[in-house]
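Work through the exercises below with the structure open beside you. Try each task before reading its solution.

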Amino acid sequence: MVTLSESESPGVSLPSGGGAALRRARKERGLSLRELGERAGVSAATLSQLETGKTTLSAERAQSLAAALDVDPHRLHPDLSLDGRRDAAPEGPGDWRHFPPLQLDVALRGALQSFTEKGFHGSSVRDIARRAGLSVPGLYHYYPSKQAMLSALFDLGMDDLLARSRVAREEGADTRERFVHLVEALSLFHAHRPELSFLGTSEMRALPTRDRRRHAEIRSQQQHMVDDEVELGVEEGVFTTSEPRGAARAVVTMCQGIARWYRPGGLYTPEQIAAQYVEFSLGTVGARP
């Protein structure tokens with residue numbers, strides 16, 4: 001069985017882009033995957049995916065990893081300048097609404113299918129390997145355990161949702177619009193990525209304690225974004241709810257529920273569902289006309 005540390009052996013082929021630069025910087029600092037993960041709040045499994053090119057190193061993640069490594073962000077990602085900002089033009093207003101097909105390596109694809117159908121505890125390593133088209137030893141070449149696969153899927157889902165939410169919120173011109181954008185981002189994510197969303201709400205207890213705490217903190221960051229806009233809206237008189245925190249929790253929970261019933265090809269598109277849930281959410285917070 002190949003562990004995360006063994007996956008760093010010279011026989012592993014690395015890309016010439018950000019993954020290779022990330023690995024060189026980590027090695028120069030004398031850090032293991034786990035040590036860097038603890039600094040940056042990223043699982044060791046995800047870092048391994050980034051370094052080997054199985055997961056794309058985004059500009060946002062490169063910036064946070066550069067801070068953890070104390071290196072120039074531009075070294076890890078060519079679209080970042082010396083002060084950590086993007087050199088390239090900022091993302092367009094529709095980027096956070098666009099959901100390309102999910103890019104997963106074969107191991108994670110098999111794990112996601114099995115976890116979604118059978119749950120974490122009902123999924124065997126043999127079944128995951130079969131779905132991935134791998135042998136069991138071949139599956140362990142990608143990840144050292146079922147828990148590592150689950151953690152990597154959690155990372156992919158929560159990082160994607162958090163990044164979209166931040167961009168959506170920043171595009172809002174005022175409190176009401178920022179709130180609307182956050183609800184729209186949540187609704188679209190749970191409709192377009194129902195499998196990742198379902199795992200995030202049903203299988204967190206299966207994670208190791210450290211990963212569970214980290215993912216709970218990421219989930220709290222998402223909730224706090226909505227909390228802040230609702231509380232500010234109440235202060236400004238834009239929203240009239242007497243329980244801003246409770247209303248904000250209700251909104252997020254309502255959006256999470258989309259993943260449990262939405263299926264592609266149904267009566268409504270994800271965009272139509274998002275519009276409906278924006279209306280429901282504005283009612284929940286007591287938005288003024």
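**Exercise 1. Compare the span of helix α12 with the expected span.**

Solution. The model is a predicted one. Helix α12 covers residues 209–236, which gives 28 residues. The expected span is 1.5 Å times one less than the number of residues, so at 1.5 Å a residue helix α12 should span 40 Å. The C-alpha atoms at its ends are 40 Å apart, so the two values agree. Just after α12 comes Gly-237, with a positive phi of about 80°.

**Exercise 2. List buried residues of α12 and find what they pack against.**

Solution. Buried means under 20% relative accessible area. In α12 the residues that pass this test include Ile-218, Met-225, Val-226 and Val-230. Residues with charged or polar names are also among them, including Asp-211, Arg-214, Gln-222 and Glu-229. The buried residues of α12 pack against α9 (146–170), α10 and α13 (244–256).

**Exercise 3. Describe helix α10: its length, its cover and its start.**

Solution. Helix α10 runs over residues 175–192 and has 18 residues. From first C-alpha to last it reaches 26 Å, close to the 26 Å expected at 1.5 Å a residue. As for cover, 15 of the 18 residues of α10 are buried, so the helix is mostly covered. At the start of α10, a side-chain oxygen of Asp-174 comes to within 3.3 Å of the backbone nitrogen of Arg-176.

**Exercise 4. Decide whether Arg-245 is buried, partly exposed or exposed, and find its contacts.**

Solution. Arg-245 belongs to helix α13. Its relative accessibility is 40%; partly exposed lies between 20% and 50%, so Arg-245 counts as partly exposed. Not counting residues up to four places away in sequence, Arg-245 touches Asp-227 and Glu-231. With Glu-231 there is a polar contact between the two side chains, at 2.6 Å. Arg-245 is also 19 residues from Val-226 in sequence, and the C-alpha atoms of the two are 8.9 Å apart in space.

**Exercise 5. Decide whether Thr-46 is buried or exposed, and name the residues it contacts.**

Solution. Thr-46 lies in helix α3, residues 44–51. Its relative accessible area is 4%, which is under 20%, so Thr-46 is buried. With neighbours within four places in sequence left aside, Thr-46 is in contact with Arg-61, Ala-152 and Asp-155.

**Exercise 6. Classify the ring pair Phe-115 and Phe-120 as stacked, tilted or edge-to-face.**

Solution. A search of the whole structure gives four aromatic pairs. In the pair Phe-115 and Phe-120, the ring centres are 5.4 Å apart and the planes meet at 50°. Planes under 30 degrees apart are stacked and over 60 are edge-to-face, so this pair is tilted. Both Phe-115 and Phe-120 are buried. The charged end of Lys-146 sits over the ring of Phe-120, 4.3 Å from its centre. Elsewhere, Arg-164 lies over the face of Phe-99, 3.6 Å from the ring centre.

**Exercise 7. Give the overall make-up of the protein and the confidence of the model.**

Solution. The secondary structure comes to 15 helices and zero strands. Of the 289 residues, 49% count as buried. The mean pLDDT is 83, and 86% of the residues reach 70 or more. Residues 1–17 stay under 50 in pLDDT, and residues 80–94 also stay under 50.

Key. Residues are numbered from 1 along each chain as its sequence is written. Side-chain values use heavy atoms; hydrogens and water are left out. Rings of Phe, Tyr and Trp (its six-membered ring) pair if their centres lie within 6.5 Å; planes under 30 degrees apart count as stacked, over 60 as edge-to-face and the rest as tilted. Buried means under 20% relative accessible area, exposed over 50%, partly exposed in between (1.4 Å probe, protein chains only). A charge sits over a ring if NZ of Lys or CZ of Arg is within 6 Å of the ring centre and within 35 degrees of the ring normal. Helices (H or I, at least four residues) and strands (E, at least two) are DSSP runs, numbered from the N terminus. A polar contact is a pair of N or O atoms within 3.5 Å; within protein, one must be able to donate a hydrogen and the other to accept it, and residues adjacent in sequence count only if both atoms are side-chain atoms. Contact means heavy atoms within 4.5 Å. pLDDT is the predictor's confidence in each residue, from 0 to 100.
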